[in-house]
Amino acid sequence: MAIVETQSQGDVAIIRMDNPPVNALGHALRAGLEKAFLQAIGDAGVKAIVLTGTGKFFSAGADISEFRSEAKEPYLPQLIDKIEASVKPVVAAVNGTALGGGLELALGCHYRVAGRDVRQLGLPEIKLGIIPGAGGTQRLPRAIGVEAALQLITSGVFIDAAKGASQGLIDSLADGDVLAAAVLFARSRIGKPPRRIGESKIDKSQVPAQLFEKARAGIARHPSGPVAPKAAIDAVEAAATLPIAEGLARERQAFREAAASPYARALQYAFFAERRAANLPGIGPAVKQREVESIGIVGAGTMGTGITIAFLNGGYPVTVVESTPEALDKGVERIRDTLSANAKRGRITEAQAADRFAKLTPSLKLEDLGKADLVIEAVFENMALKKEVFEKLDAIAKPGAIIATNTSTLDVNQIAAVTKRPQDVVGLHFFSPANIMRLLEIVRAAKTGDDVMATSMAIAKRIGKVGVQAGVCDGFVGNRMLASYGGEVQAMLLEGAMPREIDGALEAWGMAMGPLAVSDLAGLDVGYRIRKERKLTGEAAQHARIADKIVEMGRLGQKTGAGFYRYDANRRRQVDPEIEALIRSEAEALQIKQRHIPPEEIVERSLLRLANEGAKILEEGIALRASDIDTMYLNGYGFPAWRGGPMWQADAMGLKKLADRIKAYEAKYGPRWKIAALIERLAAEDATFAALDAKKR
Ligand code: T1G
Ligand code: NAD
């Protein structure tokens with residue numbers, strides 16, 4: 001099937017891109033486009049040209065999967081220059097998503113007619129660690145103004161067609177048939193000189209003073225890392241100060257620098273890793289998903305309320321059940337306040353906030369969940385309580401309903417075993433705050449049905465989450481690795497690194513938040529409850545002493561204004577000498593001689609514990625792929641996407657060196673550093689986790 005089709009309506013040639021699933025501008029599509037355009041431009045019978053896409057996509061941009069190989073002609077920038085140079089008017093009929101090179105293609109056309117329902121227009125290249133490389137940094141500022149273009153390019157956010165029209169990106173909005181509207185538009189331009197964006201001048205008086213300085217000052221902790229944001233600002237500044245030809249040359253240079261950085265490769269790896277996580281071996285499109293239209297939540301605490309909001313935002317009616325009226329009122333209040341705060345911040349409209357809150361039914365009776373298609377339990381982390389709740393839900397929930405637990409660590413097989421329907425039971429492990437964190441760890445118990453797994457994966461996508469499968473073990477994938485990483489952090493505290501030093505080193509390395517600040521955010525009582533459930537002994541008990549003492553001092557973290565840090569009224573953390581003194585006295589009591597631990601060692605020990613535990617998890621089949629582990633850490637644990645993830649970092653270090661470093665730590669610190677057999681094997685084979693994953697595809 002041709003991926004570029006050409007037809008004509010009288011003297012208007014219509015060129016349609018048809019390269020499923022997203023009209024990625026791979027080599028074949030570019031070659032097809034070039035051939036079709038040259039034909040139309042050379043055909044005397046053609047007076048105007050319309051370019052359009054198929055289905056929901058105009059084009060999602062360059063083919064990211066081609067980035068690892070040498071690009072082949074025709075190159076996109078040159079193709080776009082040829083289109084812009086056409087003497088015949090060229091109109092882009094933007095029928096759907098137009099991103100990256102896809103939007104640059106539309107910007108190379110002389111006019112853009114878009115469907116009013118188009119929601120995804122943008123230049124999100126920065127999320128891949130690169131910048132627009134086909135003229136976007138030069139043409140977009142000329143189309144919508146320098147400041148607006150800079151904001152779109154450095155954030156990578158999408159705008160909808162209405163916004164695009166208000167900014168001058170879109171010339172006309174079409175209700176209904178976009179192609180017909182575009183043909184009419186094109187016909188109205190026949191015989192008139194085409195308007196080439198590339199030739200338009202930038203009104204420098206419209207460029208706010210200090211715009212670029214301010215932008216550079218604001219990119220220190222950009223989620224795309226240190227290279228691409230700077231490259232993007234440099235390129236847009238070139239648009240504001242240089243003629244287009246020089247600006248395009250500056251763009252190409254900045255593009256190449258960004259594309260060559262390891263951070264770009266890590267971000268592109270993360271893009272595909274996230275999509276691969278949705279593929280569950282043996283569970284293809286043939287597995288029929290269950291109908292899920294209504295949701296029940298048990299427990300309206302920290303997690304129950306966040307999960308409720310996530311489903312309300314996803315358009316679902318939700319019934320939330322609590323055990324006491326006080327707890328219920330508190331939960332409902334938190335849900336209402338969060339929705340109205342989102343409206344105040346302009347994330348949703350007041351009407352949407354009201355509509356979503358109207359879909360909430362608070363209750364004190366578990367029986368009210370009898371009609372729900374999916375019930376998610378989020379009560380205290382206590383096995384006996386969870387079993388009690390599941391026994392009741394087993395009797396109450398309708399046949400075919402999915403019953404899920406949000407447990408952070410407990411054995412989902414044991415929970416399922418108290419029901420007569422273990423095939424309906426699954427772990428749906430959200431992350432705090434559940435209405436914001438994108439990760440959903442989908443815990444597959446021994447008897448969880450394939451249809452329940454497929455349904456859970458689909459629901460994750462519907463509520464804007466990234467679903468990743470995990471098997472049953474203590475802490476599943478994410479929290480099991482966190483316990484290992486957290487254990488090393490506690491060991492380093494006793495050895496002399498203070499909370500500010502540990503969090504400081506990891507945040508400077510790129511972590512969104514250091515591990516001790518994260519535990520203060522999640523609530524130190526959650527970890528305390530889990531440790532008490534586990535009845536730790538030996539070194540593990542020793543390493544938990546500081547955290548236990550802090551909880552026993554009534555310091556549960558942000559929610560009590562103090563934990564490892566003190567928090568001011570704006571929840572800003574402050575170093576607390578009392579805690580530093582506590583750490584020193586604990587070390588003294590354990591006769592541990594404290595020393596300064598350099599930031600590099602803090603980072604290395606943290607990453608190596610994560611990778612080593614990750615490898616053990618892969619060995620045991622608790623995670624399907626190393627890339628799944630990375631997707632989890634990027635979307636649930638604040639691991640910087642431009643660093644790829646703990647398993648990506650292990651490959652980047654090289655598994656031979658990794659093995660040597662782990663063995664060195666094992667020699668110094670003992671069995672907690674016992675190396676994973678998988679790392680030893682792969683190191684011996686000079687292999688990588690990525691190669692291991694590729695074998696599983
Ligand atoms: N290249 C290759 N494959 C792509 C792709 C792309 N640009 N976009 C999507 N896919 C695949 C994806 O891997 C998945 O495959 C399937 O399409 C459906 O995607 C010169 C150099 C468009 C919003 O950054 O953000 O242009 O898993 O599951 O949720 O300046 O995909 O089914 O095998 O994500 O509906 C800039 C990236 C490129 C957009 C759709 N473009 N894509 O989301 O479906 S750089 C982007 C997305 C560039 C120029 C530069 C999203 C989407 P599979 P999906 P979705
Ligand atoms: P929480 O203490 O904030 O909330 C628990 C709620 O459950 C309370 O409001 C309590 O009143 C309610 N409850 C207790 N028994 C009940 C019953 N029989 N019926 C109805 N409601 C009942 O705790 P949380 O932090 O929301 O944790 C809930 C679950 O989520 C735990 O299993 C926890 O491990 C897990 N989890 C917590 C986090 C986190 O960061 N806090 C993250 C992921 C998972």
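Here are some short questions and answers on how features of this predicted model earn their labels.

This is a predicted model in which local features need pLDDT of at least 70 and side-chain atom pairs count only at pLDDT 80 or more, while totals for chains, interfaces and linings use all residues. Residues are numbered from 1 along each chain as its sequence is written, chains are lettered from A and ligands numbered from 1 in the order in which they are written, and side-chain values use heavy atoms, with hydrogens and water left out.

Q: Why is the contact of Glu488 and Arg672 called a salt bridge?
A: A salt bridge is a side-chain nitrogen of Lys or Arg within 4 Å of a carboxyl oxygen of Asp or Glu. Here the N to O distance between the two side chains is 2.7 Å, so the pair qualifies.

Q: What makes this pair a tie between parts apart in sequence?
A: Glu488 sits in helix H18 (residues 478-495), and Arg672 in the loop between helix H27 (655-669) and helix H28 (677-684), so the salt bridge ties together parts that are 184 residues apart in sequence. Helices here are DSSP runs of H or I with at least four residues, and strands are runs of E with at least two, numbered from the N terminus.

Q: Why is Glu488 called buried or exposed?
A: Buried means under 20% relative accessible area, exposed over 50%, and partly exposed in between (1.4 Å probe, protein chains only). Glu488 has 0% relative accessibility, so it counts as buried. Arg672 has a relative accessible area of 15%, so it is buried as well.

Q: How do you know that Arg672 also forms a salt bridge with Glu539?
A: Their closest N and O atoms are 2.9 Å apart, so this pair meets the definition too. Glu539, with a relative accessible area of 34%, is therefore partly exposed. Glu488, Glu539 and Arg672 are among the residues linked in a network of salt bridges.

Q: What makes strand S15 largely enclosed?
A: In S15 (residues 425-430), 6 of the 6 residues are buried, so the rest of the structure largely encloses this strand. Both faces are covered, with Val425, Gly427 and His429 on one side and Val426, Leu428 and Phe430 on the other.

Q: Why are S14 and S15 said to pair?
A: Two strands pair if DSSP finds at least two bridges between them. Strand S14 (residues 402-405) and S15 share 3 bridges in the parallel sense, so they pair. One of the bridge partners is Val426 in S15, matched with Ala404.
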